[in-house]
Structures are given as structure tokens and as C-alpha cells.
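Please look over the internal spaces, the open pockets and the aromatic contacts of the structure shown below. The report is meant to be read alongside the sequence and the coordinates.

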Amino acid sequence: MKTPPLLHGRRLVFWSACLVLLAAAPLAVHKGYWISLLCQIGINTIFALSFNMLLGQTGLLSFGHAVYYGLGAFVSMHALRAVNMAPVHFPITLMPLVGGGAGLLFGVAFGYVTTRRAGTTFAMISLGIGEMVAASSLMFPAFFGGEGGVSSNRVVGKGFFGITYGPQIQMYYLIAGWAFVSILAMYALTQTPLGRMANAVRDNPERAEFVGYNPRRVRFLMVMLAGFFAGIAGGLTALNYEIVTAESLSAYTSGLVIMMAFVGGIGAFFGPIIGAALITVLQIVVAGATEAWPFYFGLIFLLVVLYAPGGIAGILIEQMRLWRSGNLRRLWPSYLLASVPAAILVLAVVFLVEMSYALVNSAKSGSPAELRVLGLTLDAGRALTWIAGAAAFGLGIALLRAASKRISGDRYTPPLPQGRT
């Protein structure tokens with residue numbers, strides 16, 4: 001079956017709609033906080049998709065993908081500092097390409113070592129390289145800047161037609177433009193022979209070798225390209241924050257991109273995009289509302305791995321399959337019924353977690369363990385409050401299990417033919 005062109009028919013309409021959405025997104029929000037959030041989502045989207053080129057498309061689980069992201073950011077920052085000091089002007093618009101080039105070069109160097117083996121061996125080698133580079137960030141302060149990192153100013157000269165990338169809205173459109181081009185390029189890569197062979201190497205490397213392809217060479221090329229796009233994300237990060245620290249190379253950053261891909265779904269191209277948006281909102285918005293956000297972060301990841309291995313994208317694909325078969329309309333009443341106990345369970349978990357943190361903070365500061373819920377002040381030190389939260393938690397679990405059994409029965413029990421009872 002011939003693969004349809006990248007920009008043809010419905011695909012052209014889809015990509016055009018995405019471009020219009022990116023252009024109109026800042027019009028819906030006027031505060032700098034939300035524009036900064038959109039910028040971070042765009043950067044993390046490129047980063048997560050570059051990681052999925054390894055895991056989702058080639059079957060390579062990397063625990064050190066932040067190496068290409070962080071090194072791309074550091075090289076971009078040094079290039080930006082050189083532009084500020086040198087008389088020769090380099091377009092800031094193209095500065096992410098410097099990060100991409102750095103990611104590509106380090107992908108060649110590290111990929112030559114890591115792709116000698118696949119599976120668990122690749123994961124362990126990537127972890128070792130990631131820790132080695134992260135440790136080097138404190139050993140070579142001349143390049144990495146030590147604990148303070150490296151900083152510079154992205155506003156150079158008078159700008160082109162008044163575009164200096166000083167205002168955050170201009171920075172958003174730069175990130176959105178690079179994100180759109182990168183997403184389009186990574187999607188186009190999945191339609192090429194290299195992308196198809198990467199899937200073949202992921203599924204059955206022996207058979208790919210039998211038909212004349214070298215699995216190691218395919219993995220090597222995919223690591224190089226993944227490093228290139230991760231470097232672009234790092235370059236955009238350097239421009240957006242005007243500072244790069246050793247955290248961009250840390251195991252935390254590598255773990256973060258793994259969670260983005262898994263939560264969104266590695267089996268679909270748009271899965272990491274969903275995961276990047278969700279994790280970024282959780283990391284920034286929820287972190288500003290509660291200090292218990294790491295707990296919710298880990299809980300969501302655990303629930304996705306246990307009950308939705310395909311991620312959020314897998315759930316959406318399953319609902320689309322049900323809709324095409326005509327069964328989704330029959331399941332809507334059950335879904336609505338399940339939403340009530342699910343809401344009770346979520347509220348009970350949040351209530352219990354926030355009370356726990358209120359008790360811990362009270363023990364540290366000596367202040368009363370009070371919690372504000374819906375305008376009411378509750379005492380987290382009273383047993384009755386804990387009993388109410390535990391009762392709501394148990395009720396939510398019991399009702400949700402009953403609703404899930406009904407949904408399973410409705411999903412797999414075919415409807416009776418018309419005219420029969």
C-alpha cells in the first residue's frame with residue numbers, strides 16, 4: 001500500500017489547523033505567566049518527541065537523553081555569548097540550529113558507543129554516559145559554569161523589523177515556529193524508509209538483518225537524529241531562560257522526558273505531545289498550588305503504567321475505535337456513571353494527601369494543622385477528619401469497581417439483533 005504524501009488532502013488540513021492554533025494560542029491568554037507556560041510546553045514537546053524516536057520508534061530505552069538536550073543548551077548559550085561579544089551578527093532565529101548541531105555531533109560520538117548493543121545493555125550504557133556527563137558539569141566550570149551555570153542576553157542589536165525576542169510573546173512565536181517545523185520533520189521521518197526500518201528493528205531485528213539492513217546502523221542513525229532534535233529543544237531553552245545550569249544534564253531531566261513519553265503514550269506519534277503538555281502543566285501550575293505535586297506526579301505515572309500501558313493516546317485511540325464501530329454511543333451512560341465515583345476517589349486522595357502535608361508542616365513550624373477546602377477550615381489533627389476522608393476513599397473505590405464491571409460488560413457484550421428480546 002502506497003503511503004500518502006505528507007501534505008495532501010486531510011493531512012494538509014490537519015497541519016494547517018495546527019499552525020493556525022499555534023498562531024492564535026497567545027490571543028486566548030494575555031498574561032505573561034500563561035505565555036511562558038506555552039513556551040515551556042513547546043520546548044518539552046520537541047524534547048519528548050525526540051526521545052520517542054528512540055523508545056517508541058526504535059525500541060531503545062535511553063536513561064541519558066538529557067545529555068543531548070543539556071549539551072545543546074550549553075553550546076547554544078556559549079554561541080549566544082560569542083554573538084554578544086563579537087562584531088559579526090548571527091541571527092538569533094537560527095540559534096536553535098546551533099544546539100541541534102551540537103546534539104547531532106554528540107549523538108554521533110555517544111551513539112557509536114551505545115548502539116553496539118540493544119535492550120537492557122543500551123539502557124545501562126546510556127545511563128552511564130548520562131551520569132558521566134552530569135558529573136563533568138561540575139568538574140569543568142570553565143564550560144559548564146559550575147553550580148551557577150552559564151547565562152547571557154538573547155537581545156542582540158536592534159533586531160530585524162523590530163523583532164528582538166525581548167518580549168515573551170516574540171519568544172513564544174520563535175518556539176512555536178521551531179516546534180511546528182520539528183514536529184513536521186519528525187513526523188515526516190516516520191514515513192521514510194529509515195523510519196519504517198526503525199520500526200522493523202524495534203519489532204524484529206533479526207528479520208530486518210535477514211532482508212539486508214544493519215540493525216546497528218539503523219539504531220545509530222536514529223540516535224543521531226534524536227540527538228539533533230533534543231539539541232534544538234536545548235537551544236530554545238537557552239534562549240527562553242537566558243541561563244543554562246547543570247540540571248539540564250541531570251538524571252531528573254532524563255526521567256522527566258521518559259515520564260512525558262510514557263504518560264502520553266509511546267505507541268502513537270501524538271502521544272508524547274499530550275504527555276509533554278500534561279506533565280508541564282503538572283510541574284508548573286500544580287507545583288504553584290501545592291507542595292505535594294511530586295506525589296501526584298508519581299501517582300499519575302504509576303496509574304498509567306499499571307492500567308493504561310498505551311498512555312493517554314492509547315485511551316483516545318481505543319475510544320476512536322469504539323466510535324467507528326458504533327459502540328461508543330452505547331458506552332456513554334456507563335462512562336457518565338463512572339465519572340461520579342472517579343471524581344469522589346480523586347477528591348478523597350487529594351484530601352488525604354493535603355492533610356498529610358498539613359500535619360508534616362505543622363510539626364515543623366509548630367502552627368495549627370489547618371486545611372482550607374471549599375472555603376472551609378478543617379483541622380488535619382482531628383481523627384474525625386481522617387475518618388471522613390478514608391470513608392470517601394473507600395466509597396470511591398467500591399463505586400468505581402462496580403462501574404468498571406458494568407463498562408466491561410457493555411463493551412464486550414454484543415447488542416441483541418432487532419426484533420429479539
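What follows describes a predicted model, beginning with confidence and moving on to cavities, pockets and aromatic pairs.

**Confidence**

The average pLDDT of the chain is 85, and 89% of the residues score at least 70. Residues 415–421, by contrast, have a pLDDT below 50, and this stretch makes two contacts in the model beyond near neighbours in sequence.

**Cavities and pockets**

How many cavities of 30 Å³ or more does a search of the whole structure find? The search finds two. They are set out below together with the two largest pockets, with the volume and the classes of the lining residues for each.

| Space | Volume | Lining residues by class |
|---|---|---|
| Largest cavity | about 70 Å³ | seven nonpolar, five polar, no charged |
| Second largest cavity | about 30 Å³ | four nonpolar, four polar, one charged |
| Largest pocket | about 1600 Å³ | 27 nonpolar, seven polar, four charged |
| Second largest pocket | about 1300 Å³ | 24 nonpolar, nine polar, five charged |

The lining of the largest cavity is made up of Leu54, Ser62, Gly64, His65, Val67, Tyr68, Phe110, Thr114, Phe122, Ser126, Ile129 and Val223. Helix H3 (66–85), helix H4 (95–114) and helix H5 (119–139) each contribute at least two residues to this lining, and H5 provides the largest share, with three residues.

The second largest cavity is bordered by Phe63, Gly64, Leu127, Gly130, Glu131, Leu249, Ser250, Ala251 and Ser254. Two or more of these lining residues come from each of H5 and helix H11 (251–264), and H5 again gives the most, with three residues. Gly64 thus appears in the lining of the largest cavity and also in that of the second largest cavity.

Turning to the open spaces, the largest pocket is lined by 38 residues, and Leu303, Tyr307, Ala342, Val346 and Leu400 are the ones that lie nearest its centre. At least two lining residues come from each of helix H12 (271–289), helix H13 (293–307), helix H14 (311–325), helix H15 (328–365) and helix H16 (383–412), with H15 giving the most, namely 11 residues.

The second largest pocket is likewise lined by 38 residues, and here Phe14, Trp15, Phe269, Phe270 and Ile273 lie nearest the centre. Its lining draws at least two residues from each of helix H1 (10–28), helix H2 (32–58), helix H7 (168–190), helix H8 (193–203), H12 and H14. H12 and H14 therefore serve both pockets, since each is also listed among the helices that supply at least two residues to the largest pocket.**Thr114 beside the largest cavity**

Thr114, one of the residues lining the largest cavity, is placed in helix H4. Is Thr114 buried or exposed? Thr114 counts as buried because its relative accessibility is 3%, which falls under the 20% cut-off for that class. Leaving aside residues up to four places away in sequence, Thr114 touches Phe122, Ile125, Ser126 and Ile129. Among these, Phe122, Ser126 and Ile129 are also named in the lining of the largest cavity. The C-alpha atoms of Thr114 and Gly128 are 9.9 Å apart in space, while the two residues are 14 apart in sequence.

**Aromatic pairs**

The structure holds 16 aromatic pairs. In one of them, Phe143 and Phe144, the ring centres lie 4.9 Å apart and the planes meet at 85°, so the pair is classed as edge-to-face. Phe143 counts as partly exposed, at 31% relative accessibility, whereas Phe144 is buried, with a relative accessible area of 8%.

Tyr187 and Phe269 form another pair, with ring centres 5.3 Å apart and planes at 70°, and this pair too is edge-to-face. Because Tyr187 lies in helix H7 and Phe269 in the loop between H11 and H12, the pair ties together parts that are 82 residues apart in sequence. Both Tyr187 and Phe269 are buried.

Which residues do ring pairs link into a cluster together with Tyr187 and Phe269? The cluster also includes Phe14, Trp15 and Phe180. Of its members, Phe14, Trp15 and Phe269 are among the residues that lie nearest the centre of the second largest pocket.

Definitions and conventions: Residues are numbered from 1 along each chain as its sequence is written. This is a predicted model: local features need pLDDT of at least 70, side-chain atom pairs count only at pLDDT 80 or more; totals for chains, interfaces and linings use all residues. Side-chain values use heavy atoms; hydrogens and water are left out. On a 1 Å grid over the protein atoms alone, a cavity is a set of points where a 1.4 Å probe fits but cannot get out, and a pocket is an open set with protein on both sides within 12 Å along at least five of seven lines; lining residues have an atom within 4 Å of a point. Grid points are joined across faces, edges and corners, and a volume is the space filled by probe spheres set on the points. Helices (H or I, at least four residues) and strands (E, at least two) are DSSP runs, numbered from the N terminus. Ala, Val, Leu, Ile, Met, Phe, Trp, Tyr, Cys and Pro count as nonpolar, Asp, Glu, Lys and Arg as charged, and the others, Gly among them, as polar. pLDDT is the predictor's confidence in each residue, from 0 to 100. Contact means heavy atoms within 4.5 Å. Buried means under 20% relative accessible area, exposed over 50%, partly exposed in between (1.4 Å probe, protein chains only). Rings of Phe, Tyr and Trp (its six-membered ring) pair if their centres lie within 6.5 Å; planes under 30 degrees apart count as stacked, over 60 as edge-to-face and the rest as tilted.
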